[in-house]
Amino acid sequence: MAEPIIRINRLSHAYEEGTPAIHDITLDIPDNAFLAIIGHNGAGKTTLVKHFNGLLKPSRGQVLVTGIDVASTSTAALAHLVGFVFQNPDHQIFSGTVQEEVAFGLKNLGIASHEVERRVGQILDELEIGAFRDTPPAMLGYGLRRKITLAAVLAMDPRILVLDEPTVGLDAHSTNEFFNHINRMHQQGHSIILVTHDMRLAARYSSSCLVMRQGCTIGYDTTRNIFSNSNLLACAGLAQPAVTRLGSALQDAGMPANLLSVEEFADAYLGLSEHTL
Ligand SMILES: Nc1ncnc2c1ncn2[C@@H]1O[C@H](COP(=O)(O)OP(=O)(O)O)[C@@H](O)[C@H]1O
Ligand SMILES: [Mg+2]
């Protein structure tokens with residue numbers, strides 16, 4: 001079997017002596033995954049993913065990224081491998097202009113300035129924020145600041161992209177746009193790890209799901225299997241997406257109980273109608 005992109009081995013983390021925030025987590029994440037990590041507030045999602053790029057060190061256990069032990073690798077060396085988009089863009093932005101912000105990480109990698117300029121220009125164009133290259137990020141609205149943090153991470157072209165509640169505070173249009181970029185990256189071979197408590201986003205975009213509760217993992221399976229397991233979700237304090245519930249409620253009429261999107265619902269419904277009408 002191919003080497004997992006991330007291997008987590010008996011990982012625990014306690015912020016203070018006493019109760020660990022995450023406890024004894026073991027799992028492999030395959031290359032090119034689109035994994036959603038779901039769970040109630042305080043379940044340990046952020047604590048877990050902060051171990052993927054060395055922002056937190058394990059109290060116990062080990063995290064290997066492409067076989068490399070994160071705890072004994074410098075953050076700079078990991079920057080190529082793992083890009084991290086935080087929940088709040090303002091925790092991440094610190095430069096005077098959009099262009100400087102996006103160039104910062106690349107310069108730190110020691111990349112030649114003409115190449116930095118080329119990559120920054122390309123990313124800004126792709127995300128349609130080229131017009132703001134000389135603007136101070138603080139002058140821009142939330143959605144644009146969110147895009148800038150994404151641009152800064154994308155510019156580094158990391159193999160793994162960790163997104164921690166990336167679209168909280170974005171409207172539906174910006175959220176779609178954001179995920180279009182993420183989907184494109186996934187198709188190009190990047191691995192995506194999406195932390196979210198938005199079940200609709202997880203159902204729509206991820207192909208596998210990890211369910212967390214009180215610092216432990218209680219489910220890890222395909223997104224379809226996870227979302228059709230209402231008991232597991234209830235145990236994690238989460239609800240099935242509305243469209244899944246609707247399919248379940250219509251099971252006696254022949255609808256599947258594991259639908260993930262409105263499009264799938266429509267297909268199943270039209271399939272039924274063809275047979276019964
Ligand atoms: N910096 C911190 N110091 C102390 N406790 C923390 C800190 N960050 C998180 N915790 C605690 O760790 C647990 C897991 O939190 P977190 O990983 O942020 O969960 P989630 O991202 O799922 O909401 C919670 O009980 C939270 O209160
Ligand atoms: Mg969190």
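**Two sheets, their helices and the shell around ligand 1**

Strands β7 and β8 run parallel and are joined by 5 bridges. Within this pairing, D164 has V195 of β8 as its bridge partner. The model described here is predicted. Together with helix α6 (residues 172-187), β7 and β8 form a β-α-β unit, and this unit is right-handed. On its other pairing, β7 is joined to β6 by 4 bridges, again in the parallel sense. Here F84 is matched with V162 of β7. Strand β7 is largely enclosed by the rest of the structure, because 4 of its 5 residues are buried.

These strands belong to an open sheet of 6 strands. The order is β6-β7-β8-β3-β9-β10, and the pairing is mixed. Strands β6 (82-85) and β10 (216-222) form the edges, each pairing on one side only. Neighbouring strands in this sheet are turned against each other by 15° on average, with direction ignored. Strand β3 (residues 34-39) runs parallel to β9 (residues 208-213), and 5 bridges join the two. I38 has V211 of β9 as its bridge partner.

I193 gives a view of the packing around β8. This residue sits in strand β8 (residues 191-196). I193 counts as buried because 25 C-beta neighbours fall inside 10 Å, and the threshold for burial is 20 or more. Leaving aside residues up to four places away in sequence, I193 touches L35, I37, V49, I160, V162 and L163. I25 is 168 residues from I193 along the chain, and the C-alpha atoms of the two are separated by 16 Å.

Helices pack against one another and against this sheet. Helix α5 lies across β6 and β7 (160-164). Its direction is at about 175° to that of β6. Helix α3 (residues 98-108) has V98, Q99, E101, V102, A103 and L106 as its buried residues. An α-helix has 3.6 residues a turn, so residues three or four places apart point the same way. The buried residues of α3 pack against two helices, α4 (113-126) and α5 (142-155). Just after α3, G110 adopts a positive phi of about 80°.

A second open sheet has 4 strands in the order β2-β1-β4-β5, with antiparallel pairing. Its edge strands are β2 and β5, and each pairs on one side only. Strand β1 (residues 6-13) pairs with β2 (residues 22-29) over 5 bridges in the antiparallel sense. Strand β1 also pairs with β4 (residues 60-65), antiparallel and over 5 bridges. R7 takes part on both sides: it stands opposite D28 in β2, and its bridge partner in β4 is L64. L64 in turn stands opposite D69 in β5. The β4 and β5 pairing is antiparallel and has 2 bridges. Strands of a sheet pair through backbone hydrogen bonds, either parallel or antiparallel.

Two residues other than glycine take a positive phi in this part of the chain. D24 has a phi of about 50°. It is found in strand β2. D24 counts as partly exposed because 13 C-beta neighbours lie inside 10 Å. For T66, phi is near 45°. T66 lies in the loop between β4 and β5 (68-69). With 14 other C-beta atoms within 10 Å, T66 is therefore also partly exposed. For both residues the relevant range lies between the limits for exposed, 12 or fewer, and buried, 20 or more.

The remaining feature is the shell around ligand 1. The residues around the ligand are Y15, A21, G39, N41, G42, A43, G44, K45, T46 and T47. Helix α1 (residues 45-49) gives the most to this shell, with 3 residues. By class, the shell divides into 3 nonpolar, 6 polar and 1 charged.

Conventions:
Residues numbered from 1 in each chain as written. Chains lettered and ligands numbered in written order. Predicted model: local features only at pLDDT ≥ 70, side-chain atom pairs only at ≥ 80, totals over all residues. Contact = placed C-beta atoms within 7 Å. Pairing = 2+ DSSP bridges. Axes fitted to C-alpha atoms, helices over the stretch in contact; angles between N-to-C directions. Near = placed C-beta within 6 Å. Nonpolar A, V, L, I, M, F, W, Y, C, P; charged D, E, K, R; others polar. Right-handed = clockwise from strand over helix to strand, strands pointing away.
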